[in-house]
Amino acid sequence: MRKELLIKNIKCLVQTDDSSRMKVCGKEMSVLENIENSYLYIDEGIIRNFGTMKEFRDANITESSGNIDVIDAAGKFVFPSFCDSHTHIVYSGSREIEYSDKIRGLSYEEIARRGGGILNSAALLHETSEENLYAQSMVRINEIIKSGTGAVEIKSGYGLNTDDELKMLRVIRQIKETTLLEVKATFLGAHAIPPEFKNSREKYVDTIINEMIPVVASEELADYIDVFCDRGFFTVEDTERILMAGMKYGLIPKIHANELDFSGGIQAGVKYNALSVDHLECTGDREIEVLLGSDTMPTLLPGAAFFLGMHYPPARKMIDAGLPVAMASDYNPGSSPSGNMKLVMSLGCVKLRMLPEEVINAVTLNSAYAMGLSETHGSIAVGKIANVFITKEMPSFQFMPYAYGSDLIDTVILKGQVIS
Ligand code: NIG
Ligand code: FE
């Protein structure tokens, strides 16, 4: 039986789009198309129609047919679901011990050098069964669904050997198969150098290239390939070797760049036509220039800079120069233990000096682009997947990032199905 859903009397339908654009850049980022007093009609999980309530009366949608669910959204806003294009949501345990170390004054890099950080999570993941890893991850997955995320990219990278990387990627696949979220998987074998390769980084890079990538590709476990290209982790040369090896198997680059230093990661990403380069706390004029001539989406993760007490990326400068900007949560146990995209928007406004319109574009259409999904997600457009959420009653769309601690989400709809 066909399943239809009608949301009517919407106070404001946010981020409507009839241009089939893939991303928004520069000045356009401060423009948001909205329709007040509107309706949204969904059929078989797809957005079929939307417009003003006045247009609804002419649209020939029969509310009384037995197959249609009707929601009255008077006083409420409807947004396209958030697209969280950068997470490490599959992990075991947590790292609040390091949190205390950080508060006492140790830096992220010092913790990593002592064998803490990513290596800590890798040791724990090694001891965790696939079943248990899935169960732990699903708690967080259900949490992000409730907080408005409709598409998520998830990275491996706490395995750091072939078996454990595959274990993580299989859990990501299971999440994809068992939830209504849109999921993209990224292979991040090059997240840290495991202790057994401490003095032979190149050998670990060889293992990634010769052992891990071929099996990840043959089992079709990943869409993208990532490298942590930064001081103390992987060099530009390592990054280029790994990206080239992945690209031979059809894995598209999407990399961690310039978080800790001017690492050359942005340039390496652009050189290999990465879908996105992420973090970018260390971005100057030269990096902006390189990004301007590319199709690579600069993706900012203000939750990580916030949590680590680091300086923020120069978002204002990037947008004013004409660049697009996406934002994601970086949900992970070490630098950003939160997948709350509404909080990410608030940090974008307060810390990156982005306007509410800009942050909404950054967590919907531009972040959909950063995970290869802007044809089907990231805006309210006819033919796109019906991943949306209805807010509680509120005065304006700007209220979303403004009321930074309030839970404003009332109803989540994924693939046309009402979740909560
Ligand atoms: O994106 N920068 C590298 N990786 C993660 C942190 C992972 C961790 O500390 O567990 C990040 O911040
Ligand atoms: Fe990350």
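Which residues does I118 touch, not counting residues up to four places away in sequence? Hi everyone, let me start with that one. The answer is R95, Y108, G157, Y158, L160, H191, A192, F228 and F233. Please keep in mind that what we have here is a predicted model.

Let me stay with this residue for a moment. I118 belongs to helix α4, which covers residues 118-126. Is I118 buried or exposed? Its relative accessible area is 5%, and because buried means under 20%, I118 counts as buried. For a sense of distance, take A268: it is 150 residues from I118 in sequence, and the C-alpha atoms of the two are 23 Å apart in space.

One of the residues touching I118 is R95, so to speak our next stop. R95 sits in the loop that runs between β6 (82-87) and α2 (96-104). With a relative accessible area of 8%, R95 is buried as well. The side chain of R95 makes a polar contact of 2.6 Å with the side chain of S121. If we leave aside the neighbours within four places in sequence, R95 is in contact with G117, I118, N120, S121, Y158, P333 and G334.

Now for the ligand. How many residues surround ligand 1? There are 15, and the closest are Y108, Y158, H191, D330 and S335. You will recognise Y108, Y158 and H191 from the list of residues that I118 touches.

Here are the polar distances for those of you who like to set up restraints. Between an oxygen atom of ligand 1 and an N or O atom in the side chain of Y158 there are 2.6 Å. E259 places a polar side-chain atom 2.9 Å from a nitrogen atom of the ligand. H279 has a polar side-chain atom 2.9 Å from an oxygen atom of the ligand. As for the surface, ligand 1 taken alone exposes 330 Å², and the protein buries 100% of that.

Right beside H279 in the numbering we have D278, which lies in strand β11. The relative accessibility of D278 is 0%, so this residue counts as buried. Its side chain is joined to that of S276 by a polar contact of 2.7 Å. Beyond the neighbours within four places in sequence, D278 is in contact with S85, H86, K254, I255, H256, A257, T299 and L301.

Let's zoom out to the whole chain. It is divided into domain 1, made of 4-81 + 379-418, and domain 2, which is 82-369. Their centres, taken over C-alpha atoms, are separated by 30 Å. The contact between them takes 34 residues from domain 1 and 37 residues from domain 2.

And what about the nonpolar packing? The largest nonpolar core has 96 residues, and M327 and M354 have the most contacts inside it. Helix α7, residues 201-218, gives the largest share, with seven residues. Why does this core lie between the two domains? Because domain 1 and domain 2 both give residues to it.

M354 deserves its own moment. Not counting residues up to four places away in sequence, M354 touches M29, A315, R316, I319, V325, M327, G348, C349, V359 and A362. Apart from this core lies another one, of 16 residues, including L5, I7, I47 and A73.

Next, a little backbone geometry. Most residues other than glycine have a negative phi. N60 is not a glycine, yet its phi is positive, at about 65°. You will find N60 in the loop between α1 (53-56) and β4 (68-72), and it counts as exposed because its relative accessibility is 74%. N273, also not a glycine, has a positive phi of about 55°. Its place is in the loop between α9 (265-271) and β11 (276-279). N273 has 48% relative accessibility, so it counts as partly exposed.

One last stop, towards the end of the chain. S406 lies in the loop between α16 (399-402) and β15 (409-414), and it is partly exposed, with a relative accessible area of 35%. How far apart are S406 and K384 in space? They are 29 Å apart, C-alpha to C-alpha, with their positions 22 residues apart in sequence.

That's my tour, and thanks for listening!

Methods:
Residues numbered from 1 in each chain as written. Chains lettered and ligands numbered in written order. Predicted model: local features only at pLDDT ≥ 70, side-chain atom pairs only at ≥ 80, totals over all residues. Heavy atoms only, no water. Core = buried A, V, L, I, M, F, W, Y, C linked by side-chain atoms within 4.5 Å. Buried < 20%, exposed > 50% of the residue type's maximum accessible area, 1.4 Å probe, protein only. Helix = DSSP H or I, 4+ residues; strand = E, 2+ residues; numbered from the N terminus. Domains from an automatic or database assignment. Contact = heavy atoms within 4.5 Å. Near = heavy atom within 4 Å. Polar contact = N/O pair within 3.5 Å; in protein donor to acceptor, adjacent residues only side chain to side chain. Areas by Shrake-Rupley, 256 points an atom, 1.4 Å probe, with all protein chains shown as cover.
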